[in-house]
Amino acid sequence: MVNAYPANGRKIIIDFGTEGPFDLRAEIEFDANGESLSFLVTRGPLEGKVETCQCVCSEVAPDIWMVSWQEIDQLTVTQTHNFATGRLWGTVTQPDLQFVRTEGTLELV
């Protein structure tokens with residue numbers, strides 16, 4: 001049986017901290033089916049950015065999910081969400097093709 005993404009119909013808060021390569025904190029709300037997400041960046045250089053994107057959420061192990069989406073400016077995000085530990089790891093390819101690795105925390109609210 002395929003499990004449903006734990007944040008379907010809910011919100012998560014992600015935080016990469018201020019010391020890493022990608023200072024960012026955001027609230028991400030997923031639709032009930034886990035097919036789209038809406039985010040609001042609440043800290044960092046992109047603070048205030050709001051967008052809704054199609055996404056794919058795939059379970060890779062118990063409590064561990066790969067979530068990916070592409071934003072309107074072509075910024076591409078892939079994140080691994082570990083709900084058991086509250087940690088996330090990600091990669092971002094920016095519109096200028098700069099590749100950034102991220103690591104931070106994940107909170108289901």
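Trainee: How many salt bridges does the rule give here, and what makes a contact count as one?

Mentor: The count comes to seven salt bridges, where the term means a side-chain nitrogen of Lys or Arg within 4 Å of a carboxyl oxygen of Asp or Glu. This is a predicted model, in which local features need pLDDT of at least 70 and side-chain atom pairs count only at pLDDT 80 or more, while totals for chains, interfaces and linings use all residues. Residues are numbered from 1 along each chain as its sequence is written, and side-chain values use heavy atoms, with hydrogens and water left out.

Trainee: Why is the contact of Arg43 and Asp15 called a salt bridge?

Mentor: The N to O distance between the side chains of Arg43 and Asp15 is 2.8 Å, which is within 4 Å, and therefore the pair meets the rule. Arg43 belongs to strand β3 (residues 36–43) and Asp15 to strand β1 (residues 11–15), 28 residues apart; strands here are DSSP runs of E with at least two residues, numbered from the N terminus. Both residues also belong to a network of salt bridges that links Asp15, Asp23, Arg25 and Arg43.

Trainee: Why is Arg43 called partly exposed?

Mentor: Buried means under 20% relative accessible area, exposed over 50%, and partly exposed in between, with a 1.4 Å probe and protein chains only. Arg43 has 22% relative accessibility, so Arg43 counts as partly exposed.

Trainee: What makes Glu71 and Lys49 a salt bridge, and are they buried or exposed?

Mentor: Their side chains meet at 2.6 Å, N to O, so the pair satisfies the definition. Glu71 lies in the loop between β5 (64–70) and β6 (76–82) and Lys49 in the loop between β3 and β4 (50–61), so the salt bridge ties together parts that are 22 residues apart in sequence. Both Glu71 and Lys49 are buried.

Trainee: How many aromatic pairs are there, and why is the pair of Tyr5 and Trp65 called edge-to-face?

Mentor: The structure holds three aromatic pairs. Rings of Phe, Tyr and Trp (its six-membered ring) pair if their centres lie within 6.5 Å, and planes under 30 degrees apart count as stacked, over 60 as edge-to-face and the rest as tilted. For Tyr5 and Trp65 the centres are 5.4 Å apart and the planes stand at 75 degrees, so this pair is edge-to-face. Tyr5 lies in the segment before β1 and Trp65 in strand β5, so the pair ties together parts that are 60 residues apart in sequence. Both Tyr5 and Trp65 are buried.

Definitions and conventions:
Helix = DSSP H or I, 4+ residues; strand = E, 2+ residues; numbered from the N terminus.
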